[in-house]
Amino acid sequence: MHSDSDVRRNAGRVRRDALLARVTRTRWLTVAGAGALTAALAALAGAVAPGRSSAKSGQPATAKTAAPRPTLTVSMPPAADGAQLGLQPPGSAPQAPPTTPASQAQPQSQPAPAPAAAVSGGS
Amino acid sequence: MSQTATFPALGSTVVVVSAEEVLPEASAAVALVIEEIDLACSRFREDSELMALGAAAGRATRVSPMLLDALQVAVRAAVLTDGDVDPSLGAALVDLGYDRDFAEGLDDDGRVQRSGGRAVPRVGAVPGWQSIRIDPASCTVSVARGVQLDLGATAKALAADRAAAAASAATGGEGVLVALGGDIAAGGPAPSGGWRVRVTDDHRAGIDAPGQWITVRDGGLATSSTTVRRWQHRGEQVHHLLDPGSGRPADGGWRTVSVAASSCVDANIASTAAIVRGRRAPRWLMSLGLPSRLVNDSGQVLHLAGWPSAGDDLESVPRAEVPA
């Protein structure tokens, strides 16, 4: 047989256990929420300011400030010289010969030494 | 006293001009360069690199430095002329019947004897130089499947430039002039009066043909003409200078254009593009400051950008008819 005092003692113990369980659950929820909030803020910061994440673990503290910021390496073609940029005129323009070539001045029937010359024409 | 040596190459004639005592060395150096270019760039030799590149059907292929240079020059020509000089017109030339070395089929009338051709000639724009992918770092090239290249417009000029430089070097820095089928390049110092050159429609016609005497001191000189390399195709007279926009022989009103430039390659690019551009050519050439001589279909001549007017056999184009 349980007395009234025993019943009240048991009821108080049950309420105390329920309260402790609620406190424990609340603490876990707080810890989990804080973690999720930290992760969300980190993701937001990474998106807004890329490349500014903290240094890797194990890296000396001085490396954060001493190391140069990594740069993107782009393979560029070699610089073009003038002749590659466009069609270039000659150093000196063609000139009219000072005198009529001998081969033209001589009559066809008289052989004359052919002056060294080249022909530019369609080919 | 300068002397000349002449020998056939690339389906055309090579003329080497230099001092008599160094002419053998100069000629040998020229012949070597031309053979190297031919082996790399010919579309008529089964053993050429260009043919092997076409057979690769789009796969990246390792090529020699010579072919790499020639392809880069060809692509540069296309870029600088907005595609008016395009190396991807090989198939269009074949469709018009130009499928072998021109010298193989010449008859007495100067026409290629055709035995036939495709049943339906292709008409339309050529594939375009963008179908060529060049990786200089790995010395590899890929050409889109089905695209046939023709480097004739620029490879011959490149050969002239290289041959002149090589000949001058082989002779200890002597002045050498190389004329390769009408494309001319100067290497080393010029004689005191400059190199004498006869400018005509057809380089085979010789120094007595109607035209003009000029002297050049440096760089290159090229002449493009619709009066040469003509043949009959299905009852139609055609020539080898095609408009890449149509795949048909250019018909812009100029029959012959000669241009002087810093190199024979640049001169050739400009003269070829001028034939294709037609009425737009004079303004373009003047804007570039390239001394030029243009002969229209009526045989009237126009001198531009410092090209001398004196001594030309042909009648000048009336000022009022010069395209604005």
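1. Residues 105-114 of chain A keep a pLDDT under 50 (pLDDT being the predictor's confidence in each residue, from 0 to 100) in this predicted model. For residues 105-114 the model has 2 contacts beyond four places in sequence, a contact being heavy atoms within 4.5 Å.

2. A second stretch of chain A, residues 50-83, has pLDDT below 50 and shows 7 contacts beyond near neighbours in sequence. Where pLDDT is low, the predicted coordinates should not be read in detail.

3. Chain A averages a pLDDT of 64, and 50% of its residues score at least 70. Among the elements of chain A, helix α2 (residues 63-66) has the lowest mean, 39, and strand β1 (residues 118-122) the highest, 87. Helices (H or I, at least four residues) and strands (E, at least two) are DSSP runs, numbered from the N terminus.

4. Chain A comprises 4 helices and 1 strand, in the order α-α-α-α-β from the N terminus on.

5. In chain B, an open sheet of 8 strands runs β1-β2-β6-β7-β10-β15-β16-β17 with antiparallel pairing; two strands pair if DSSP finds at least two bridges between them. Strands β1 (2-9) and β17 (301-304) of chain B each have a single partner strand, so one side of each lacks a neighbour in the sheet.

6. At one edge, β16 (residues 292-296) and β17 of chain B pair in the antiparallel sense over 4 bridges. B:S292 has B:L304 in β17(B) as its bridge partner.

7. Residues are numbered from 1 along each chain as its sequence is written, and chains are lettered from A and ligands numbered from 1 in the order in which they are written. Local features need pLDDT of at least 70, side-chain atom pairs count only at pLDDT 80 or more, and totals for chains, interfaces and linings use all residues, while side-chain values use heavy atoms, with hydrogens and water left out.
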